[in-house]
Amino acid sequence: MIPRIHKRGKRTIGLLSYLYGPGTHEEHTDPHLVASWDGNAPDPGRADDFAATIKELQRLLDQPLDNIDERDRPRKHVWHLSVRNAPTDRTLTDDEWGEVARRMVAATGIDDPDKGAGCRWAAVRHADDHIHIIATLVQEDGYKPHLDHDAARSQAEARLLEAEYGLRRLNRGDGTAAQRPTSAERHKATREKRERTPREELRETVRRAVAGTQDETEFFDRLASAGLLVRRRIAPSGDLLGYTVALPDDRNGNGEPVFYSGSKLAPDLSLPRLRARWSTPSDPRAEGTEEQQPGGLRTAGRVDPATARRRTTSVVWQAMLVVDQGDDTEVAGHLASAGEVLDALAKTSAAHTRRQLRDAAFAFERATRSHVRAASGHGRALRRAARELAYGGPALGRGEDGATTAMVIDMVVFLVTAAAHWHARKGHEQQAAAAREAAGHLRAAYRQSASLPLGVLHERGRQLQLDPAIQRQQAAAVRTAVPEVAERVLGEAGWPALAATLADARAAGHDPARLLAEAAGRRELDTADSIAEVLVWRLRRMAELPADATARPPADTRSTPPVQVTHLDVNGLRQRRKPR
């Protein structure tokens, strides 16, 4: 249940005419009254003389205005609240909607029977899933109602009503969410067959444009490259005050582009907030100096997509440790920057993972903000990683590009999951739910990107396991390194891929058992969908092995001939042996 308080108005008859009319797009059906201040208000929707009855309802609603001096009347006296259920909710009866209306006007301070005189109001239903409440902001005794925090109180009442009526339970908000599309914007998007409203599409595009940027010039260049219409608000002094953006094909009734300011898209997309992000110095205590950055992130120069993804994996790992162990202000800074990494991944992903990564970035946007103030300087390494991803260019869905995409997504899943846990501990219900939703999309993207490289490793590992000596040796290494989860690892479908990775690590000069123990000790593994697969990517990153096992196979002195992959289709891997 979503209550929404609209802008106050001056004309009662104007709003009543809309509520009882056909609607902007003929969407209103059977408009009628379900409740009112005294239960006896006339209903134009059920009257023989509609015109006379709607004027009578307007007169009765506005009557308290006539009882006070004109100088004391509020400039905008029309209060308007809509209450909408989710599409999956059951259809409430008129009596139930009437009770919802009475509960809402009491909770918001419009008309609470326990507090004496209230305002006059009426609740109109013109669709199955929502009602509108109109009220006059003068009480029967001539005083003005106390409406402090009426929006928050309506939300709190909605959470109670959801539980009582068995409706979809929404998460409590904290006032830091981006502005939702209006009903008119949603109807327009539906009519124009848009997947998302222009407001949402612009928010997503601007976020991708800002990911990894360093200054205003670069930001505005990216907006233009993305095909947006951009207007800059300039002060008389010549200083830049703000900006607005529009989609070229989103026009109003006069054929003019519909512009949105950055702050109307999301609080952290306003120009002052972006400038604060660009001017934030790094914190050596939190992230190390340029020379100490994991993954060698000393500059933000152009690198190839695979290198950018390897470096990002290392940075995301360090960020995950901060989210797990850092103080709240440090965590808030890292989560804001993590959103840039997701935006950059979505922007540069291959076609088969693009949709899921876009959806993950879109969902995680809500998890990047809370009332916890971000500490200055934290998360800068993540922003540099986002910059390298953006300038590394689009990744291919195969080879080292594709395999390192799986590697970085695997790590980002852990970071986003850690973010969900942190938000849940802090009572940030909407942010925790958003992070969990993002993690679901990321897991789907991981499965898409990992199927090919893991398929190659799986077949190589299966061939290695045909040798009993190698099988015993690798099983012993696993039982020594991770005794508490060893049997689960050995029984997982991903074990052959891990076996192949252990063989690659040995061939590269590493002690597999020691490397495996180090990889497993970095963070608990019990919550992983596949411990074996998580260890595959950790080992290949730590041992600097190619993520794509076909790229540069390490020397293998064992008796089992290597397998050369010739074709991978939906039915599995076909291979032939290549003589030594």
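The following questions and answers walk through the cores, one helix and some salt bridges of a predicted model.

Residues are numbered from 1 along each chain as its sequence is written. Because the model is predicted, local features need pLDDT of at least 70 and side-chain atom pairs count only at pLDDT 80 or more, while totals for chains, interfaces and linings use all residues, and side-chain values use heavy atoms, leaving out hydrogens and water.

Trainee: Which helix gives the most to the largest nonpolar core?

Mentor: A nonpolar core is a set of buried Ala, Val, Leu, Ile, Met, Phe, Trp, Tyr and Cys residues joined through side-chain atoms within 4.5 Å, where buried means under 20% relative accessible area, exposed over 50% and partly exposed in between, with a 1.4 Å probe and protein chains only. The largest such core has 87 residues, and those with the most contacts inside it include Phe364, Val416 and Leu498. Helices are DSSP runs of H or I with at least four residues, and strands are E runs of at least two, numbered from the N terminus. With 15 residues, the greatest contribution to this core comes from residues 399-425, helix α15.

Trainee: Which helices do the buried residues of α13 pack against?

Mentor: The residues of α13 that are buried include Thr353, Leu357, Asp359 and Phe364. Taking contact as heavy atoms within 4.5 Å, the buried residues of α13 pack against α12 (328-348), α15 and α16 (429-464).

Trainee: How far apart are the closest N and O atoms of Glu388 and Arg311?

Mentor: A salt bridge is a side-chain nitrogen of Lys or Arg within 4 Å of a carboxyl oxygen of Asp or Glu. Glu388 lies in helix α14 (residues 380-392) and Arg311 in helix α11 (residues 305-325), so their pair ties together parts that are 77 residues apart in sequence. Glu388 counts as buried, at 0% relative accessibility. In the salt bridge between Glu388 and Arg311, the closest N and O atoms are separated by 2.8 Å.

Trainee: Is Asp504 buried or exposed?

Mentor: Asp504 forms a salt bridge with Arg460, with the closest N and O atoms 2.5 Å apart. Arg460 lies in helix α16 and Asp504 in helix α19 (residues 495-507), so this pair joins parts 44 residues apart in sequence. Arg460 has a relative accessible area of 16% and is buried, and at 2% relative accessibility Asp504, too, counts as buried.

Trainee: How many salt bridges does a search of the whole structure find?

Mentor: One of them joins the side chains of Asp30 and Arg46, at 2.8 Å from N to O. Asp30 is partly exposed, with a relative accessible area of 44%, and Arg46 is partly exposed at 48%. Over the whole structure, the number of salt bridges found is 40.
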